Amino acid sequence: MPFNGKSGKFNASIGTVEFGCGEKAIKIGGENVLPFYTFDAPIENAPKVGVMISDLGLEAEPAGVKAYYEGCTTMADIAKKAAAMPGADFVCLKLEGADPNGENKSTEDCMTVVKEVIDAIDVPLVIAGCKNVTKDAELLTKASEVAQGKNVIILAAKEEDYKGIGAAAGLAYNQKVGAESAVDINLAKQLNVLISQLGVAPSNIVMHVGTATVGYGFEYVVSTMDRIKAAALSQNDAQLQMPIITPVADEAWNVKEAMASEEDMPEWGAQEARGVSMEVSTAASVLASGSNAVILKHPTSVATISKMIKELM
Amino acid sequence: MALKGLDIFKHTPKTNCKECGSPTCMAFSMKVAQGAVDITKCPHISEEALAALSEATAPPMKSIKVGTGDAEYTLGGETVLARHEKTFVSKPRFAVNLTPDMDIDAVLAEANKVDYDRIGERMHAEMVYVEFTGDAAAYTEAVKKVTGKGKTIILACKDVAAAKAALDVCKAEKPILCGADASNYAEMVEVAKAAEVVLGVTGADINDLYDTTAAIEKLGYKELVLDTTGKDIKETFAITVQARRACLAKEPDRTFGYPSIVNLSKIAPNDEAMQIALASVFILKYGSIIVMDTMNYARGLALYGLRQNVYTDPQKPMKVEPGIYPLNGADENSVVLTTVDFALTYFVVSGELERSGVPCNLVISDAGGLSVLTAWAAGKLSSTSVSKFIIEEVEPKVKSRKLIIPGKVAVLKGDIEAKLPGWEVIVAPNEAVQLVKFLKDLQANGEI
């Protein structure tokens with residue numbers, strides 16, 4: 001008697017969000033099964049991989065990243081090269097130079113970079129802020145305007161600044177709103193409700209439910225995503241059916257395992273291999289837990305994760 | 001699924017003899033229904049009743065013990081598909097893939113370099129997976145080389161004679177004989193039974209694996225693991241997930257109620273980054289033994305961290321040992337910072353402190369494994385607990401008299417100063433990410 005497996009297909013499904021424009025536009029979400037459970041039902045839209053670039057250029061990047069971008073002198077060069085990275089589906093521009101505790105670049109300067117990048121590439125774009133709430137409110141509102149017509153994801157609107165960013169991105173300039181919460185299903189849902197109440201359609205919202213690197217309280221990330229997908233699919237909770245996008249690069253390359261130099265930890269071996277490993281492991285884990293898109297930075301990570309997705313689909 | 005206490009009670013002698021350790025037959029029945037005691041604890045239960053009940057009260061997924069001594073591990077025994085539903089219990093183990101043509105001593109020596117402690121847990125490759133490649137004599141030699149090395153051995157061998165010879169070498173170490181398939185299972189069961197070892201079952205696809213496992217169960221052998229490795233990555237994921245899901249379903253299919261072996265050396269050969277990605281997926285999704293080319297720090301730091309996170313009991317917080325942790329080459333004159341023993345807090349705070357490069361002594365006192373605000377609210381982090389720990393543990397060892405406390409418990413500053421004469425108490429920022437700038441500023445201003 002052969003194995004009689006019951007299908008785990010759900011009646012509800014994750015919403016579909018399309019970003020970018022023209023032929024290169026991509027869709028995320030839409031599935032009615034758990035991540036990669038293609039044996040239950042086909043998954044229409046494979047998870048997508050984005051490449052993160054920073055307005056601060058390449059100076060702080062590991063050697064393998066620098067080597068990939070060799071010869072790039074302008075942000076336009078870097079953006080083009082990122083869009084062409086094998087395995088990449090989209091580009092994420094992080095405006096970290098705007099951080100008042102860092103370079104404190106003006107919003108105008110940052111918008112010059114946004115324009116330069118938009119003009120350089122035709123793949124979909126995600127625009128991320130500097131994580132300073134006050135600055136991001138101004139920066140991302142303006143970025144929504146500057147990127148008009150490009151259907152970008154604005155990452156992200158948080159509980160503190162969702163009104164301004166949500167209204168600009170989601171209502172005034174027709175972009176997609178990234179809703180960022182801190183690793184908690186209730187906070188994620190609450191923010192979706194709040195942004196919806198502004199009048200933003202669910203098909204214009206993606207969730208960034210918070211992340212950590214493997215080894216650093218990552219169980220909360222797994223359980224938050226597991227519970228969100230369970231609520232969205234088995235209980236048909238419309239306020240949790242937005243697809244999930246997870247920036248991995250920043251977190252993964254900022255832990256001790258990736259930062260400690262080989263001189264400090266000789267037994268740990270090559271530093272860059274450790275960074276790639278933290279990035280790959282974290283990305284694979286958030287994808288297996290339900291992320292519909294990840295944002296990475298190292299060419300090896302992008303190639304590996306994109307290949308893994310293809311193999312599993 | 002589960003039987004009710006009353007259903008079990010019907011089969012008991014109802015004499016309240018107490019020989020099972022419970023005060024009444026009813027109490028005993030309730031415990032059996034909850035899975036707290038085994039039905040066989042009742043000495044008077046009839047054979048028939050036992051047969052009827054033990055099937056229905058058995059856990060849906062068996063716990064299988066392999067290896068001996070320090071290298072004995074329990075696999076399986078899971079009761080839920082997601083950790084938030086209850087908890088995962090048997091963490092996946094890592095095996096290094098070996099073939100007889102390799103320089104086995106060298107490969108093992110390389111993998112054994114990874115052996116460290118992370119929050120009280122030893123991290124190393126616990127097992128070896130020795131693959132038969134056609135030459136029985138060479139196989140036995142290879143198995144000899146891994147015997148007595150403190151690793152649980154997995155014999156990947158479908159050749160009955162070669163398997164017997166290999167077991168003669170290593171059966172005392174309770175290896176897994178991973179070699180039963182549709183063609184040889186009857187003989188393999190005999191070999192495994194005779195050597196008293198766990199038998200691994202393989203199949204051409206999920207149906208073949210299921211049928212072979214069912215046939216082996218019919219022969220009365222239930223010390224099994226399932227090799228859920230398929231022909232490629234997609235099939236391996238599909239078999240591994242479906243097998244686990246079937247046995248933990250509402251109507252459990254116990255034929256798939258065994259631990260799994262996933263061989264990444266087969267489905268992603270020589271691709272380290274892909275093996276790390278897939279090992280991460282199978283840590284989350286139902287691999288019990290994960291076979292890889294080797295173990296090194298690049299792999300281990302990520303995978304062991306992930307495994308430790310995911311296999312923590314959601315009801316029990318992870319704690320670090322209280323004590324003084326000198327960072328960035330700190331000595332007795334370096335500034336003292338304190339926070340709670342919740343592992344996540346410790347990792348985040350110590351990471352930021354290391355990034356600052358400022359030498360400091362991080363003092364962790366017992367706060368019940370709670371985060372700063374929770375511990376404070378629960379009375380486990382107070383001016384008394386901090387000052388007591390500083391006086392007893394820190395003052396004899398550290399000369400600095402500057403103490404930095406978490407920003408979230410700034411209210412404790414006055415009380416701590418009152419209880420710690422001679423100490424200057426400085427309040428840190430609210431968030432760990434702000435520590436780097438905070439410490440660098442203090443250092444630049446000559447305050448620490």
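Buried means under 20% relative accessible area, exposed means over 50%, and partly exposed lies in between, with a 1.4 Å probe and protein chains only as cover.

This is a predicted model, in which local features need pLDDT of at least 70 and side-chain atom pairs count only at pLDDT 80 or more, while totals for chains, interfaces and linings use all residues. Residues are numbered from 1 along each chain as its sequence is written, chains are lettered from A and ligands numbered from 1 in the order in which they are written, and side-chain values use heavy atoms, without hydrogens and water.

**Exercise 1. Describe chain B as a whole.**

Step 1. Begin with burial. Of the 448 residues in chain B, 54% are buried.

Step 2. List the secondary structure. Helices (H or I, at least four residues) and strands (E, at least two) are DSSP runs, numbered from the N terminus. Chain B has 17 helices and 17 strands.

Step 3. Give the extent. Along the principal axes, the C-alpha atoms of chain B fill a box of roughly 75 × 65 × 35 Å.

Step 4. Look at contacts (heavy atoms within 4.5 Å). Take those in chain B between residues at least 6 apart in sequence: 66% of them join residues at least 24 apart.

Step 5. Turn to the surface. Accessible areas come from the Shrake-Rupley method with a 1.4 Å probe; for residues, only the protein chains shown count as cover. Chain B exposes about 18600 Å², and carbon and sulfur atoms supply 52% of that area.

**Exercise 2. Describe chain A, and test its radius of gyration against the globule rule.**

Step 1. Count the elements. Chain A has 11 helices and 10 strands.

Step 2. State the rule. The radius of gyration is taken over C-alpha atoms, and the globule rule is 2.2 Å times the number of residues to the power 0.38.

Step 3. Apply the rule. For 313 residues, a compact globule would have a radius of gyration near 20 Å; chain A has 19 Å, which agrees.

Step 4. Add the extent. The C-alpha trace of chain A spans about 60 × 50 × 35 Å along its principal axes.

Step 5. Add burial and surface. In chain A, 60% of the 313 residues count as buried. The accessible surface of chain A is about 11700 Å², with 48% belonging to carbon and sulfur atoms.

**Exercise 3. Find how far apart the mean positions of the positive and negative charges are in each chain.**

Step 1. Choose the charges. Lys and Arg count as positive, Asp and Glu as negative; His and the chain ends are not counted. Each charge is placed at NZ of Lys, CZ of Arg, CG of Asp or CD of Glu.

Step 2. Read chain A. Its 26 positive and 40 negative charges have mean positions 6 Å apart.

Step 3. Read chain B. For its 50 positive and 58 negative charges, the mean positions are 5 Å apart.

**Exercise 4. Explain why Cys42(B) and Cys157(B) form no disulfide.**

Step 1. Recall the bond. A disulfide is a covalent bond between the sulfur atoms of two cysteines. The cut-off here is a pair of cysteine sulfur atoms within 2.5 Å.

Step 2. Check the total. Over all chains, the structure holds 0 disulfides.

Step 3. Take Cys42(B). Its closest cysteine sulfur is in Cys20(B), 6.1 Å away, so the gap is too far for a bond. Cys42(B) is buried, at 9% relative accessibility.

Step 4. Take Cys157(B). Its closest cysteine sulfur, in Cys178(B), is 10 Å away, so this gap is also too far for a bond. Cys157(B) is buried, with a relative accessible area of 1%.

**Exercise 5. Locate Ile119(B) and Asn328(B), and give their phi values.**

Step 1. Place Ile119(B). It is in the loop between β4 (116–118) and β5 (121–123) of chain B. Its phi is near 40 degrees, a positive value in a residue other than glycine. At 23% relative accessibility, Ile119(B) is partly exposed.

Step 2. Place Asn328(B). It is in the loop between β13 (323–327) and β14 (335–339) of chain B. Asn328(B) is not a glycine, yet has a positive phi of about 55 degrees. Its relative accessible area is 28%, so it counts as partly exposed.

**Exercise 6. Describe the surroundings of Ala212(A).**

Step 1. Find its place. Ala212(A) is in the loop between β8 (205–208) and α7 of chain A.

Step 2. Classify it. Ala212(A) has 12% relative accessibility, so it counts as buried.

Step 3. List its contacts. Leaving aside neighbours within four places in sequence, Ala212(A) is in contact with Phe218(A), Val221(A), Glu251(A) and Thr282(A).
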